[in-house]
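Trainee: I should like to go through this structure with you, topic by topic. May we begin once it is on the screen?

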Amino acid sequence: MSTASRVLNSALQSKIMSAEEAAALIPSGVNVGMSGFTGAGYPKQVPAALAKRIMDSNLNGQKFKIGVWTGASTAPELDGALAMVDGVEMRLPYQSDPICRKRINAGEMEYIDIHLSHVAQSVWFGFLGKLDWAVVEVTGVTEEGYLIPASSIGNNKTWLDCADKVILEVNSWQHPALEGMHDIYYGTQLPPHRKPIPLVRPDDRIGEAYLKVDPSKIVAIVETHQKDRNSAFSAPDLASRQIAGHILEFFEHEVSKGRLPRELLPLQSGVGNIANAVMGGLNDGPFNDLTAYTEVLQDGMLDMLRSGKLASASATALSLSPAALDDMYANIEDYRRRIVLRPQEISNHPELIRRLGVLAMNGMIEADIYGNVNSTHVMGTQIMNGIGGSGDFARNAYISIFMTPSTAKGGDISCIVPMVSHTDHTEHDVQVIVTEQGLADLRGLSPKQRAKVVIENCAHPDFKPALKDYYRRAYGQAAGRHTPHLLEEALSWHLRYLRSGHMPRDTADELRERIGGASSLARV
């Protein structure tokens, strides 16, 4: 731990205590708003100390659980530690921890999957119940009592404003030069008193560099020195590079048609290797003077800032590998001028996304032939992570793109199916679907036209004949031909996988011949 305290406000120095002492203040049954967004800026020591306290309480026969609200996913020190001891009654709005996921899918933890732009306003509206406590990591506390935000902002402004009591973790691992990178907008109000948010360019600064909190709410300050969960990204595989190539070709086509300017429009990209591959393609591509208006700044965007391809980037969190983080801090004066970190109620604000004309690129688990997308559930019932901000961007983007490899589980699962097993983004919000096989531009197409384009361009060759056969038979047998489905078969692909370990590669005629007779396909 750093020997020099970053708590510069003399009145607050008396609140400094250990993580164990701070955790002892939090009672069972309360809702706790914790900082953290995609493994950045989350509290490290108080959640771990609280988990030990909960474990001891449970061993003594005293049930101890809390509600955990965050910005998005956190890390094992928070989600994993609390889930391990069965200490979470309700989790929202997004998680990616394997222990957390296991408990949710086992029915042992309640989980609300919410659009990230909706969380702060839902708290202000009182829709989620009372927020009792906030545990927020910051980089430092100024002499005036202002809080220097850390590597993410997320919902921290709302937690500090709405919680009755506040615990701060002041993390000296967070680089002091982060000061000045943040833009905290305090102009939001409740209906009917809302006013337009005065942001017209992705790099506009409309707020303040610091978080504010009523000092009387602060009951504890814990000084820490622990790094964020910064993981190195694996190199993009062939499928990711192919997907990136299709998207770049699509952008060039849109520019040639006059539907996009040469510098494109602000970019939004989800998290992961495909997203980084797309950014890598853009970095090597023909477009210059690009901008980003997104949730998370990953390695790919930092590379584009370094090369000059990307003029500026607006986000709510940094999610960088250790090497990329070292590079950012080595050149922090330049990056701080071109990176803006905002509260997620601004970074994901639907009206701003629509006004700026964002190009949204997000991952998915599966899409169906009519353009509906599932981005949250495996085989219909098992939550993976959550919708995150993909819905905020998809519905309001200038162009909404969803991308995935065409198969999963070593080729046993087709990511293009007759009907998605869970719908997060309806056909009305999905304009482009991309796999390594190709790109389907669904704009201006009817459902029947979309089906043909999706199957032809995006399905893997192993599954394309069965998809074509399904659509042919659905068109011939369905009661309606606007969006023709065979209801007894629409989810049979998922059932087939659950029963046999692979989705069907056969057409109906081939399957009947192989199993003999006219057995119901839905039973196979």
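Mentor: What follows is a discussion of a predicted model.

Trainee: Let us start with the inside. Which residues touch the most other members of the largest nonpolar core?

Mentor: They are Phe 251, Leu 264, Leu 282 and Met 328, in a core of 74 residues. Helix α7, residues 238–256, gives the most to this core, with seven residues.

Trainee: And what is Leu 282 in contact with, leaving aside its neighbours within four places in sequence?

Mentor: Its contacts are Leu 248, Phe 251, Leu 264, Leu 267, Phe 287, Met 304 and Lys 309. Apart from the core of 74 residues lies another one, of 39 residues, which includes Ala 23, Ala 49, Val 68 and Ala 83.

Trainee: You mentioned Met 304. Which residues are buried in helix α9?

Mentor: In α9, which spans residues 299–307, the buried residues are Asp 299, Gly 300, Met 301, Leu 302, Met 304 and Leu 305. Gly 308 follows the helix and has a positive phi, near 95°.

Trainee: Where else is phi positive, in a residue other than glycine?

Mentor: Asp 289 is one such residue, with phi near 55°; it lies in the loop between α8 and β10. Lys 409 is another, also with phi near 55°, and its place is in the loop between β21 and β22.

Trainee: Is Asp 289 buried or exposed?

Mentor: Asp 289 is exposed, at 56% relative accessible area. Lys 409 is exposed as well, at 59%.

Trainee: Changing topic: how many aromatic pairs does the structure hold?

Mentor: It holds six. In one of them, the ring centres of Trp 69 and Trp 159 are 6.2 Å apart and the planes lie at 55°, so the pair is tilted. Trp 69 belongs to strand β2 and Trp 159 to helix α6, so this pair ties together parts that are 90 residues apart in sequence. Both Trp 69 and Trp 159 are buried.

Trainee: What about Phe 463 and Trp 493?

Mentor: Their ring centres are 6.1 Å apart with planes at 40°, so that pair is tilted too. Phe 463 is in the loop between α15 and α16, whereas Trp 493 is in helix α17, so the parts tied together are 30 residues apart in sequence. Phe 463 is buried at 0% relative accessibility, and Trp 493 is buried with a relative accessible area of 4%.

Trainee: Which lysine lies over the face of Tyr 42?

Mentor: That is Lys 44, at 4.1 Å from the ring centre. Similarly, Lys 212 lies over the face of Tyr 186, at 4.3 Å from the ring centre.

Trainee: How many disulfides does a search of the whole structure find?

Mentor: Zero. For Cys 415, the nearest cysteine sulfur is that of Cys 458, 11 Å away. A disulfide requires the sulfur atoms to be within 2.5 Å. Cys 415 is itself buried, with a relative accessible area of 4%.

Trainee: Now the strands. In what order do the three strands of the open sheet run?

Mentor: The order is β17-β16-β23, with mixed pairing. Strands β17 and β23 stand at the edges with a single partner strand each, so one side of each has no neighbour in the sheet. β16 and β17 pair in the antiparallel sense over two bridges, and Ala 367 stands opposite Val 373.

Trainee: Lastly, where are cis peptide bonds found?

Mentor: One runs from Leu 92 to Pro 93, with omega near 0°, and Pro 93 lies in the loop between β3 and α4. Another joins Pro 191 and Pro 192, with omega about 10°; Pro 192 lies in the loop between β7 and β8.

Key: Residues numbered from 1 in each chain as written. Predicted model: local features only at pLDDT ≥ 70, side-chain atom pairs only at ≥ 80, totals over all residues. Heavy atoms only, no water. Buried < 20%, exposed > 50% of the residue type's maximum accessible area, 1.4 Å probe, protein only. Helix = DSSP H or I, 4+ residues; strand = E, 2+ residues; numbered from the N terminus. Core = buried A, V, L, I, M, F, W, Y, C linked by side-chain atoms within 4.5 Å. Contact = heavy atoms within 4.5 Å. Pairing = 2+ DSSP bridges. Phe/Tyr/Trp six-rings, centres within 6.5 Å; stacked < 30°, edge-to-face > 60°. Lys NZ or Arg CZ within 6 Å of the ring centre and 35° of its normal.
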